[in-house]
Amino acid sequence: MALDGIVTANLRKEIEDCVLGGRISKIAQPEADELLLTIKSQKGQYRLALCASASLPYACFTDTARQNPASAPGFCMLLRKHIGGGRITQVSQPGLERILSLTVEHLDELGDVRHKKLIIEIMGKHSNLIFCDEDDRIIDSIKHIPATVSSLREVLPGRSYFIPNTQNKKDPLTLSFDEFIRETASRPLPCAKALYSTLTGLSPLAAEEVCFRASIDSDATASSLDSSQKQHLYGTLRRMMEEISGGHFFPNMVSKNGIPEEFASIRLTHLTGRSEDPSGEPAPYTQTGYDSISQVLQDFYAARSVRTRIHQKSADLRKVVSTALERNIKKYDLQLRQLKDTEKREKYRIYGELIHTFGYRLPEGARELTAPNYYDGDREIRIPLDPERSAADNAARYFEKYNKQKRTAAALATLTRDTAEEIEHLESIATALCISRSEADLAQIREELQQFGYIKKHAAARRGPGYKGQKKEKRAVSKPLHYLSSDGFHIYVGKNNYQNEEITFRLADGGDWWFHAKGMPGSHVIVKTGGQELTDRTFEEAGRLAAYYSKGQGSEKVEIDYVKRKEVKKTAGGKPGFVIYHTNYSLIAAPDIEGLTEV
């Protein structure tokens, strides 16, 4: 994702179309680095959000009302004094920079007409909101940048405002062919990187799109292109820049399996242009067009913020699981090495028996016995002896070693099996954390970790329901995912072990179909048949769901086991969601759920 110069140009046009000539009726500063301007124009009333956050800078119209602080910050009060009630006369963008400038006309204390500029620089950690007079002298900024912080430009009251040209990039809107050949096409860099590293406002995403439209491999070195390829690449870039200059934008968001991945103001044909790849599989990305780039940004950041919030809230659970996994994997490796060491126990038994058989002829103080090994075709074998012990004592010592290692092997066989099951259980919880969508999902996982002792329960909970000080807890409501197949069959997907058990042993009937990724943690998938035969397409869609909601989500293909529900049995004393089955069918599915309808 990238709020690049092209998206900024789209924002400039949208803001200009909506509020040019409008008056600023309210100015608020809900956050330390964010402004909210309420503007009334002939087309209606708009809220324009300008955010200079280092992690998520943006500018867009918003429908969301924000809670303001009890007392307005100084920067907000300054803007109210100077441009409150002012009229927006110009919305500009220098070149294809990620900079928007609002020129506001207002009356000063003497009643004279003045013009001020409110500038937002959308540049990652260098983002800022700067307020200037008509001579481009800084009145104030939402972030002060002294010379001790930046040697390139001070952003302080009284300083002149200018845009530092730190990377000597060229403006693609005015780029000539000769400049393109000299500055871009001569670089010994991949074509896409040569474009975005030498031209202002182009993100890696836009550069990939230019290369794709020009039918040029984006990884090919720019300097290695022949003259016709360079001409074609430049022509493709020029056509894109002409569209942008003419205000022809296509606000859109690109999703993969329903999850927003990218947004842009141009068509991303390099992601969605191919309807099918050479293998015949559908393109993994879908593109949704919007009427407004502001709505794109709102929807994209809203979806991303939900995922980010859940990821942050699950941090403690992920740490518990990863720590336990790491500890158990180390323990399992050690147990396997110890178990391998016990494999030589049979040697000690043979030594003892051969000493019993041939030890009668040993001289006193012998250090070894050479005897035929009747377990190995009477080949001679040398058996080390303790010269201080008798033959009977040496044999007894070897039998003792054999019995000790036999007992160790039996104990380790149980321990390694238990440790392997614990690792499998923890991996299933880790997979469930990856596909959690809500705090209720996390609550179920936390409950499972508490049940198996990975997390300590609260003191009141440990003392039981009769404890006087215990608060009544509301059980988190988290439901399995519910999809509808293309042929109308209901498909249920468990998001964690508790839900897997629920849909398999309580929701499903014996005649329903059960799906699961083979040999890896993942969701149980149940297809309700309703007494009908499933279509091939439904089998394929259920397989795709089982592949996507599994540890193999990042793989190209996943093997899926499927069987009638009546063949699936719960393991005696097993962990929740752990099952066994002996007869099954298999299919290969791509972990791609694009096009499937979630109910």
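Which residues form one aromatic cluster with Trp-513? In this predicted model, the partners are Phe-515, Phe-539, Tyr-562 and Tyr-585.

**Aromatic pairs**

The structure holds 21 aromatic pairs. Two of them are set out below.

| Pair | Centre to centre | Angle between planes | Geometry |
|---|---|---|---|
| Phe-300 and Tyr-301 | 5.8 Å | 80 degrees | edge-to-face |
| Trp-513 and Tyr-562 | 5.8 Å | 50 degrees | tilted |

The pair of Trp-513 and Tyr-562 links distant parts of the chain. Trp-513 belongs to strand β17, while Tyr-562 belongs to strand β19, which covers residues 558-564. The two residues are 49 apart in sequence. Both Trp-513 and Tyr-562 are buried.

Are Phe-300 and Tyr-301 buried or exposed? Phe-300 has 0% relative accessibility, so it counts as buried. Tyr-301 also counts as buried, because its relative accessibility is 14%. The cut-off for a buried residue is under 20%.

Two arginines sit over tyrosine rings. Arg-349 lies over the face of Tyr-375, 5.4 Å from the ring centre. Arg-397 places its charged end over the ring of Tyr-398, at 5.0 Å from the centre of that ring.

**His-524 and its surroundings**

Where does His-524 lie? It is in the loop between β17 and β18. His-524 has 2% relative accessibility and therefore counts as buried. Its side chain makes a polar contact of 3.3 Å with the side chain of Trp-514. Leaving aside residues up to four places away in sequence, His-524 touches Tyr-492, Val-493 and Gly-494. It also touches Asn-500, Ile-503 and Thr-504. Further contacts of His-524 are Trp-514, Phe-515, His-516, Gly-577 and Val-579.

**Helix α14**

Asn-500, Ile-503 and Thr-504 are among the buried residues of helix α14, which spans residues 497-507. The other buried residues listed for α14 are Asn-497, Tyr-498, Gln-499 and Glu-501. What covers them? The cover includes two helices, α11 (391-434) and α12 (439-451). It also includes strands β16 (490-493), β17 (513-517), β18 (525-528) and β20 (569-570). At the start of α14, Asn-496 brings a side-chain oxygen to within 3.2 Å of the backbone nitrogen of Tyr-498.

**A three-stranded sheet**

Strands β11, β10 and β12 make an open sheet, in that order, with antiparallel pairing. Which strands are at the edges? They are β11 (259-264) and β12 (285-289), each pairing on one side only. From one strand to the next, the twist averages 30 degrees.

Strand β10 takes in residues 252-256 and pairs with β11 over 5 bridges, in the antiparallel sense. One bridge joins Lys-256 to Ile-259 in β11. Helix α8, residues 293-313, lies across β10 and β11. Its direction is at about 145 degrees to β11.

**Thr-198**

Thr-198 is found in helix α4, residues 191-198. Its relative accessibility is 4%, so Thr-198 counts as buried. Which residues does Thr-198 touch, not counting those up to four places away in sequence? They are Lys-169, Lys-170, Glu-183, Thr-184 and Arg-187.

Definitions and conventions
Residues numbered from 1 in each chain as written. Predicted model: local features only at pLDDT ≥ 70, side-chain atom pairs only at ≥ 80, totals over all residues. Heavy atoms only, no water. Pairing = 2+ DSSP bridges. Helix = DSSP H or I, 4+ residues; strand = E, 2+ residues; numbered from the N terminus. Axes fitted to C-alpha atoms, helices over the stretch in contact; angles between N-to-C directions. Contact = heavy atoms within 4.5 Å. Buried < 20%, exposed > 50% of the residue type's maximum accessible area, 1.4 Å probe, protein only. Polar contact = N/O pair within 3.5 Å; in protein donor to acceptor, adjacent residues only side chain to side chain. Phe/Tyr/Trp six-rings, centres within 6.5 Å; stacked < 30°, edge-to-face > 60°. Lys NZ or Arg CZ within 6 Å of the ring centre and 35° of its normal.
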